[in-house]
Structure formats: C-alpha cells, structure tokens
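Trainee: I should like to learn how strand pairing and enclosed space are read from a model. May we work through an example?

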Amino acid sequence: MIFELIVQHYDTSTIRDFHQHEHAHIVYLHKGCHIAYASDQSLLCMPGSLLYISPNTMHRVEILENTQTSLLSLPKLDHMPSKAMCTLETSPLLTQLFSIWQNGGPSQSLNNEYKAVLLDQLISCKVATNPMLADGKIDRRLIPIIEAFSDKPNIKMSISTFATSSGASVRTLNRLFQSHFNASFKDIRNTVIMERAEQLLKSGMIATDVAFELEYSSLSAFSTAFKEYQKGKSPA
C-alpha cells in the first residue's frame with residue numbers, strides 16, 4: 001500500500017470544525033496536545049498517543065500550540081481496529097519508527113521498506129484500554145492544565161498552582177475534572193505521568209532518567225508506581 005506520512009508542527013492553537021475523511025486517518029503525537037471531539041465525547045491525546053479516526057466519522061479537532069504530529073491517510077485497511085474514533089496501543093518499535101520521521105525520515109532508498117514495517121506495526125495495534133475520554137466538550141478553564149500536562153508533566157504538579165491562571169478556584173477545577181473525566185485532578189495527573197513514562201521507556205530512555213524527568217524522589221518510588229499502573233492496565 002502506498003501512503004504519505006506528513007509531519008506537521010503547530011506554533012499556534014488550531015481548531016478544525018466538524019468534518020470527515022473518506023479514508024482512515026492515523027495521528028501520532030510527538031509533542032503537545034490534540035483534542036478530538038466526536039458525538040458527545042472528547043478524546044484527549046498526549047505525547048506518545050496514537051489516534052485512529054475511522055472513515056466517514058464526523059469529528060472536530062483542537063490542536064494546542066507547540067504541537068507536533070505525524071499524519072497518515074490510509075486508503076485501504078484489511079484490518080480495521082475500530083468502527084469509531086479511538087486511541088491505539090503503541091510498541092517500542094512503532095515509537096522509534098515515528099521518531100525517525102520526526103527527525104527527517106529514512107533515506108530515500110529505504111523509504112518504502114520503512115513504510116512497509118510501519119504499516120505492519122500499525123495493522124497489529126490494539127485499541128488502547130485506558131483512553132483519556134471526557135464527557136462533552138472540555139471546559140476552557142481546564143485547557144491551561146492540559147497544556148501543562150502535555151508539556152512537562154511531573155509528580156509534583158498541584159491543582160492549586162493552576163487556580164490563578166485558569167481563573168477558577170481549586171474546588172471548581174476539581175469539580176470540572178470530576179464532571180468531565182469522572183476522575184480527580186490527581187488521578188488524571190498520575191495517568192498522564194505514567195503514560196509519559198511508558199512513552200519515554202519505549203523510546204529507549206533508562207528508568208533512572210525517566211524517574212528524574214518526572215521528578216520522583218527516587219527510582220524505587222517511580223518503579224513501584226509504574227508497576228502498579230501497568231498492573232491496573234492489564235486485562236483481568
């Protein structure tokens with residue numbers, strides 16, 4: 001199958017109103033944040049997320065500033081991961097392949113071979129078990145927090161830090177997280193951190209450096225939290 005992979009960078013926030021595509025679209029988030037709206041839910045995509053949009057699915061997207069993505073349009077897929085919009089699980093190889101395109105792509109002589117491997121990896125992807133779904137359109141007061149999550153998440157982030165910049169009290173922000181995500185600020189923060197940790201590990205970063213990047217007090221504290229998170233993701 002011949003397909004084009006386009007790496008796009010958004011210096012400013014971009015909103016695209018409801019539309020649909022004839023072919024399946026796949027979006028990989030290198031950095032920043034991509035919010036996709038379909039029906040009565042929002043799908044929040046952070047760095048390392050792989051978004052699948054099925055053909056002819058009406059959706060609206062909001063791409064926050066300083067976001068970089070890889071976009072693929074696939075004319076024909078023998079295996080459709082879902083009939084709707086969803087996020088997909090990624091493998092370390094898939095993460096590394098997208099990183100190659102982020103850094104300019106493979107040499108021209110190997111381009112088709114790399115695309116064949118990429119397509120083979122994409123076809124084998126399964127639907128993610130823990131998508132960051134929100135009910136309805138995300139309240140604008142949560143956007144500064146989501147931007148911070150997507151930029152440099154760390155275990156020391158506190159909701160009180162965002163109260164002034166978002167123009168809402170701590171109580172209001174907590175209520176908004178609960179009403180949109182059916183989870184607290186702390187739960188969402190921890191999910192974002194663990195997903196970032198998984199992305200960094202897949203990219204080849206060692207656990208000690210990941211723990212430092214996410215501002216854990218020690219490697220053992222990070223390892224315990226990561227193991228518990230992975231255990232919760234595993235099917236019963």
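Mentor: Two strands pair if DSSP finds at least two bridges between them; strands are DSSP runs of E of at least two residues and helices runs of H or I of at least four, numbered from the N terminus. Here seven bridges join strand 3 to strand 8 (residues 67-74), and the two run antiparallel. Y28 has S70 of strand 8 as its bridge partner. This is a predicted model, in which local features need pLDDT of at least 70, side-chain atom pairs count only at pLDDT 80 or more, and totals for chains, interfaces and linings use all residues. Residues are numbered from 1 along each chain as its sequence is written, and side-chain values use heavy atoms, with hydrogens and water left out.

Trainee: Which residue of strand 6 stands opposite H25?

Mentor: That residue is I53. Strand 6 (residues 50-53) runs antiparallel to strand 3, with four bridges joining them.

Trainee: Why is strand 3 described as largely enclosed?

Mentor: Buried means under 20% relative accessible area, exposed over 50%, and partly exposed in between (1.4 Å probe, protein chains only). Seven of the eight residues of strand 3 (residues 24-31) are buried, so the rest of the structure largely encloses this strand.

Trainee: How is empty space found, and which element supplies the largest share of the lining of the largest cavity?

Mentor: Rolling a probe the size of a water molecule over the atoms shows where empty space is left. Helix 6 supplies that largest share, with six residues. The lining divides into 10 nonpolar residues (Ala, Val, Leu, Ile, Met, Phe, Trp, Tyr, Cys and Pro), five charged (Asp, Glu, Lys and Arg) and seven polar (the others, Gly among them).
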